[in-house]
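Please open the model in your viewer and keep the selection panel at hand, as the tour moves from one selection to the next.

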Amino acid sequence: MKAALATAYGSPDVIRIAEVPTPSPKNNEVLIRIHASAVNAADWRLRRANPWFVRLIFGLFKPRRAILGVVFAGEVVQTGDAVTQYTTGDRLFGWTSVMKLGGHAEYIALPEKGAFARMPERMSFTDAAAIPFGFGTAMAFLRKAKVGPGQQVLVYGASGAVGSAALQLAKHLGADVTGVCSTRNVNLVRSLGAVGVLDYTKDDLLAHRDRYDVVFETVGKLPFKDCLSLVKPGGTVILGSELPAQMLARQFAPKGNKKVKVVGGTVGESGADISQLAALWERNAIRPVIDRVLPLERIQEAHTLAESGRKVGNVVVTM
Ligand SMILES: NC(=O)c1ccc[n+]([C@@H]2O[C@H](COP(=O)([O-])OP(=O)(O)OC[C@H]3O[C@@H](n4cnc5c(N)ncnc54)[C@H](OP(=O)(O)O)[C@@H]3O)[C@@H](O)[C@H]2O)c1
């Protein structure tokens, strides 16, 4: 099968397309013909070994797993003898898993109990590939923060994969959502259902002190002290993109006397959440934002865009 291999850490240039053996499903696995995947923050961070401790988990000198890709959309072409849930022809989408990776290839074998679900009939493989990373992450964080009806929620970085998903899901939960983005994305963010849009290149965010029940910082660009200023006393700050060094710095940062709950850490990879997202998609409650769709052969471009910090929503690769 054809796959995108990153056999060294480094720039997008380390990736090349090569022929590798097609996996055989074990007893409890399904073999999936992947039609689309996405290149997102997890992929470029693993490829760059950014942050450095990626090397401790994925290989000190070179990646132990050469095929990146934490999400997929595809169809079952073979099942192991013990598989009961799925059958040949089922269309599935979800996580390959951050530890296993392997989504940037034509086939993958995954345990039937993996973090994926059936695709709704009308859903395209492209849409399906663009949903799990952003929406899966956002859903888990919004649940942790107990976002609900009537709350005022600020999504910082509302044009990114996680941000555009967080905005739509928080709105679906009944919150009034304000999105923060730059000028070029104001119309998009409004079209996703934001009641207010703040342009971080023009507006003074700190004029909105103590206004939000929840501040969801999705891109790691708004200083923690500003998140604290914007949230109401007793509110919640979600730090969706906090790296370990920032986490450490935050522990020592002056917090003033405002009592605020801080939610962070890693989330994602729930099959139940993917099923729920499928149902929300069917009811038109969510739509993935897609910046670009590129064939697998152009995956270096997809990585460059994903790493730029400027992509709008998601970058999908098709096989
Ligand atoms: N904790 C976890 O488990 C977890 C899971 C998934 C992802 N993450 C992390 O979440 C982060 C976000 O991922 P993502 O894929 O959603 O990001 P992304 O799609 O790459 O974000 C790109 C967007 O960010 C906007 N942006 C750039 N600079 C900005 C700024 N200063 N202020 C506001 N918006 C800005 C850009 O719009 P403009 O160009 O218009 O500014 C662009 O649309 C990553 O760091 C990832 O590692 C964490």
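Select the ligand together with Lys311 in this predicted model, and look for the ligand oxygen atom that sits 2.7 Å from a polar backbone atom of Lys311. Next add Tyr200, where an N or O atom of the side chain lies 2.4 Å from an oxygen atom of the ligand, and then Ala161, which offers a polar backbone atom 2.9 Å from a ligand oxygen. If you switch on a surface at this point, bear in mind that the ligand taken alone exposes 940 Å², of which the protein buries 90%.

Now widen the selection to the 27 residues that surround the ligand, the closest being Ser182, Tyr200, Ser241, Arg310 and Lys311. Coloured by class, this shell separates into nine nonpolar, 13 polar and five charged residues. Helix 4 gives the most to the shell, with three residues.

Colour the domains next: which two give residues to the shell around the ligand? They are domain 1 (2-131 + 288-318) and domain 2 (134-263), and because both contribute, the ligand lies between them.

Finally, hide the ligand and select the largest nonpolar core, a set of 88 residues in which Phe93, Leu169 and Leu277 have the most contacts. Helix 5 supplies the largest share of this core, seven residues, while domain 1 (2-131 + 288-318) and domain 2 (134-263) each provide at least three residues to the core.

Methods:
Residues numbered from 1 in each chain as written. Predicted model: local features only at pLDDT ≥ 70, side-chain atom pairs only at ≥ 80, totals over all residues. Heavy atoms only, no water. Near = heavy atom within 4 Å. Polar contact = N/O pair within 3.5 Å; in protein donor to acceptor, adjacent residues only side chain to side chain. Areas by Shrake-Rupley, 256 points an atom, 1.4 Å probe, with all protein chains shown as cover. Helix = DSSP H or I, 4+ residues; strand = E, 2+ residues; numbered from the N terminus. Nonpolar A, V, L, I, M, F, W, Y, C, P; charged D, E, K, R; others polar. Domains from an automatic or database assignment. Core = buried A, V, L, I, M, F, W, Y, C linked by side-chain atoms within 4.5 Å. Buried < 20%, exposed > 50% of the residue type's maximum accessible area, 1.4 Å probe, protein only.
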